[in-house]
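Colleague: Got a minute to go through this one with me? I'd like to start with the overall layout and then get into the details.

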Amino acid sequence: MRNMGPRWLLALSLFTASMFLLGLVFASYVRISDSSMQDQVAAQLKSEVHLHVERMQTFIGAPIVAIRILAQLPALVDAPMDSFPERTASIEKLFLGIAETRPEYAQIRFIAASGLERIRIENRNGTVHAAAADALQDKSDRYYFSETIRAFHGLRESLGIHRG
């Protein structure tokens, strides 16, 4: 029986070492599997973030595209300011159409170089309407107006445009 003791201890040691190695292999597998899962989750999140960024760029870019299109319309480009009242109805109709198709726009305004609103379209609770002439306001003292005019004049100077 004395000879059985060391064999039993040797078997127990081999069993313990095997279990330890098996544990290491399993831990490595879990780590690799977990890492792979983390990589998959990270890739999915990156894809979703990219999709949301594209949607935001489209959402933010839409008004810029609309302004560029509007800036090319003869009704706005060719109209001297003194003949503007003759064209107000057609421009108002155009702005109303834009507001109806873009419910995220709370207001669309045409502000003259003097700072006076010429047209204001409002979208309140899904109802789109043009403001009455007596409700139009002077925006010349607003920061966004003065900064825009300053930027416009700076752009004209940098492009060498002095008339028109």
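Modeller: What follows goes from the overall fold to the sheet, the core and the charged side chains. Keep in mind that this is a predicted model.

Colleague: How many helices and strands does the chain have?

Modeller: There are four helices and three strands. Along the sequence they come in the pattern α-α-α-β-β-β-α.

Colleague: And what share of the chain is buried?

Modeller: Of the 164 residues, 17% are buried. As for contacts between residues at least 6 apart in sequence, 40% join residues at least 24 apart.

Colleague: On to the sheet. In what order do the strands sit, and is the pairing parallel or antiparallel?

Modeller: The order is β1-β2-β3 in an open sheet, and the pairing is antiparallel. β1 and β3 (127–130) are the edge strands, each pairing on one side only. From one strand to the next the twist averages 10°.

Colleague: How many bridges hold β1 and β2 together?

Modeller: Five bridges, in the antiparallel sense. One position to look at is Ile 111, which stands opposite Glu 117 in β2. The two strands form a hairpin with five residues between them, and Gly 115 in that turn has a positive phi of about 100°.

Colleague: What about β2 and β3, how many bridges there?

Modeller: Four, again antiparallel. Asn 123 stands opposite Val 128 in β3. This hairpin has two residues between its strands, with Asn 125 in the turn at a positive phi of about 55°.

Colleague: Is β2 mostly covered or mostly open?

Modeller: Mostly covered: six of its eight residues are buried.

Colleague: Let's switch to the core. Which residues make up the largest nonpolar one?

Modeller: It has 12 residues in all, among them Ala 62, Leu 70, Phe 95, Tyr 105, Phe 110, Ile 121 and Val 128. At least two residues each come from α1 (4–70), α3 (84–101), β1 (107–111) and β2 (117–124).

Colleague: Which of those elements gives the largest share?

Modeller: α3, with four residues.

Colleague: Ala 62 is on that list. What is it in contact with, sequence neighbours aside?

Modeller: Leaving out neighbours within four places in sequence, Ala 62 is in contact with Arg 102 and Tyr 105. Tyr 105 is a member of the core as well.

Colleague: And Arg 102, which side chain does it meet in a salt bridge?

Modeller: Glu 104, at 2.5 Å from N to O. Arg 102 counts as partly exposed because its relative accessibility is 26%, which falls between the 20% and 50% cut-offs. Glu 104 is partly exposed too, with a relative accessible area of 35%.

Colleague: How many salt bridges are there in the whole structure?

Modeller: Six. Glu 117 takes part in one with Arg 109, where the closest N and O atoms are 3.1 Å apart. Glu 117 also meets Arg 120 in a salt bridge, at 2.5 Å from N to O.

Colleague: Are the partners Arg 120 and Glu 117 buried or exposed?

Modeller: Both are buried. Glu 117 is at 4% relative accessibility, so it is well inside the under 20% limit for buried. Arg 109 is partly exposed, with a relative accessible area of 28%.

Colleague: Which residues do salt bridges with shared partners join into one network?

Modeller: Arg 109, Glu 117, Arg 120, Glu 122 and Arg 124.

Colleague: Glu 122 is in that network. Where does it lie, and why does it count as buried?

Modeller: Glu 122 lies in strand β2. It counts as buried because its relative accessible area is 8%, and the cut-off is under 20%.

Colleague: Which side chains does Glu 122 make polar contacts with?

Modeller: One is the side chain of Arg 120, at 2.8 Å. Another is that of Gln 107, at 3.5 Å.

Colleague: And what else is Glu 122 in contact with, leaving aside neighbours within four places in sequence?

Modeller: On that basis the list is Ala 106, Gln 107, Thr 127, Val 128 and His 129. Val 128 appears in the nonpolar core too, and it is the residue that Asn 123 stands opposite in β3.

Notes. Residues are numbered from 1 along each chain as its sequence is written. This is a predicted model: local features need pLDDT of at least 70, side-chain atom pairs count only at pLDDT 80 or more; totals for chains, interfaces and linings use all residues. Side-chain values use heavy atoms; hydrogens and water are left out. A nonpolar core is a set of buried Ala, Val, Leu, Ile, Met, Phe, Trp, Tyr and Cys residues joined through side-chain atoms within 4.5 Å. Buried means under 20% relative accessible area, exposed over 50%, partly exposed in between (1.4 Å probe, protein chains only). Contact means heavy atoms within 4.5 Å. A polar contact is a pair of N or O atoms within 3.5 Å; within protein, one must be able to donate a hydrogen and the other to accept it, and residues adjacent in sequence count only if both atoms are side-chain atoms. Two strands pair if DSSP finds at least two bridges between them. Axes are lines fitted to C-alpha atoms, for helices over the stretch in contact, and angles run from 0 to 180 degrees between N-to-C directions. A salt bridge is a side-chain nitrogen of Lys or Arg within 4 Å of a carboxyl oxygen of Asp or Glu.
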